[in-house]
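Work through these short exercises on charged side chains. Keep the sequence and the structure open beside you.

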Amino acid sequence: MTRKTRNVWLPLKLVLKKILRPIVLTLCVSTTLSACAKTNIAPNGINDPNEAANRRIHEFNKRVDKLLLSPASNGYGTVIPSPVRTGVSNFADHLSLPNDVINSTLQGKIPEAGSSLLRFAFNTVFGIAGIFDPATEVGMARHDTDFGETLHVWGAGEGAYTEMPFFGPSTTRDAYGFAIDIVLDPFFVVTREPTRYIGGVAYVVNKMGERYEYDATVDSILYDSADSYAQARILYLQNRRFRLGMQGEETYVDPEFDPYEDPYADF
C-alpha cells in the first residue's frame with residue numbers, strides 16, 4: 001500500500017471506527033434486553049422496586065428545577081422573543097431527525113424513515129439548517145421516535161420505573177434507549193469538537209424554552225400536588241405506554257390513585 005493510499009484510507013478508517021463502535025454497543029445492549037422476558041407490570045400498573053432511591057433522585061431534580069432550571073427558563077423566556085425561541089426549538093428538532101431515521105429503520109418502518117430523511121433534507125435547504133420548518137407547512141409530518149421505542153418493537157420489556165438525575169421520569173428500557181440515542185447521534189459520532197456538542201446545547205436551550213412555555217403545568221405537578229413523585233410517575237407511564245401503542249393490561253394504572261391526596265393522611 002502506497003503512502004498516498006494510506007493517507008486516504010486513514011480518515012475513512014477513523015470514521016468507520018466511530019460509526020461501528022456505537023452500533024456494536026447498541027447490538028450488545030439490545031440483545032441483553034431482548035433476551036429478557038417481558039416484565040410483568042404490577043397489578044396497579046406500576047413496577048417501581050427502587051422507589052426509595054427514585055424518590056431521593058426526584059427530590060434532587062426538584063431542587064435543580066427550583067434553583068436552576070426554573071429561574072433560567074423564566075429569564076430565557078422573558079428576554080428571548082417568541083420567534084427566536086421557536087427557531088431554537090425547530091433547530092433542536094431538526095438535529096434529532098437523523099436519529100429518527102436510524103430508529104425508524106431499525107423498527108422496520110421504512111416509509112417513516114424515508115419521510116424523516118426527506119424532511120431533514122428539505123428543512124436543511126429551505127429552512128436554513130432547520131431554523132424554520134417549511135416541511136410541516138407543505139405536509140411533511142414528523143415521525144418522532146427513539147431507541148427506547150426500538151427496544152419495545154424488538155420485544156424488550158419495560159423494566160422498572162426509573163427517575164434519572166436531571167432528566168426525570170423514565171424506565172429501564174427507556175434509560176438504555178436514551179443512552180444509545182446519544183451514542184448513535186451522527187453529529188456526536190462523526191463530527192469533531194466543538195461541533196459534536198451542538199445537538200446537546202440545542203437540546204438544553206430547547207428544554208429551557210419548554211419549561212417556560214409549560215411553566216404552570218410543571219409547577220402544578222412538582223409543587224402543587226401532595227405527592228409530586230407519584231404524579232410524575234403515573235403521568236409518564238400513561239403517556240409513554242399510550243405512545244408505544246401498549247394496550248389492555250399493559251396500560252392499566254390504578255383508577256383510584258389521586259396524586260393530590262396526602263400520602264401520609266392515614267398516619
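**Exercise 1.** Is Arg-243 buried, partly exposed or exposed?

*Solution.* The model is predicted. Step one: take the relative accessible area of Arg-243, which is 37%. Step two: apply the cut-offs, with buried under 20% and exposed over 50%. Arg-243 therefore counts as partly exposed.

**Exercise 2.** Which side chain does Arg-243 meet in a salt bridge, and where do the two residues lie?

*Solution.* Step one: find the partner. Arg-243 meets Asp-144, at 3.7 Å from N to O. Step two: place both residues. Asp-144 is in the loop between α6 (134-137) and α7 (147-153), while Arg-243 belongs to helix α12 (residues 228-243). The two are 99 residues apart, so the pair links distant parts of the chain.

**Exercise 3.** Classify Asp-144 and Arg-142 by relative accessibility, then give the N to O distance of their salt bridge.

*Solution.* Step one: Asp-144 has 42% relative accessibility and is partly exposed. Step two: Arg-142, at 26%, is partly exposed too. Step three: their closest N and O atoms are 3.4 Å apart.

**Exercise 4.** Are Arg-240 and Asp-146 buried or exposed?

*Solution.* Step one: the relative accessible area of Arg-240 is 9%, so this residue is buried. Step two: Asp-146 has 16% and is buried. Step three: check the contact. The two form a salt bridge, with the closest N and O atoms 2.9 Å apart. Arg-240 sits in helix α12 and Asp-146 in the loop between α6 and α7, 94 residues apart.

**Exercise 5.** Put the pairs into a wider picture.

*Solution.* A network of salt bridges links several residues, including Arg-142, Asp-144, Asp-146, Arg-240 and Arg-243. Other members are Asp-93, Asp-100 and Asp-174. The model has 19 salt bridges.

Key. Residues numbered from 1 in each chain as written. Predicted model: local features only at pLDDT ≥ 70, side-chain atom pairs only at ≥ 80, totals over all residues. Heavy atoms only, no water. Salt bridge = Lys/Arg side-chain N within 4 Å of Asp/Glu carboxyl O. Buried < 20%, exposed > 50% of the residue type's maximum accessible area, 1.4 Å probe, protein only. Helix = DSSP H or I, 4+ residues; strand = E, 2+ residues; numbered from the N terminus.
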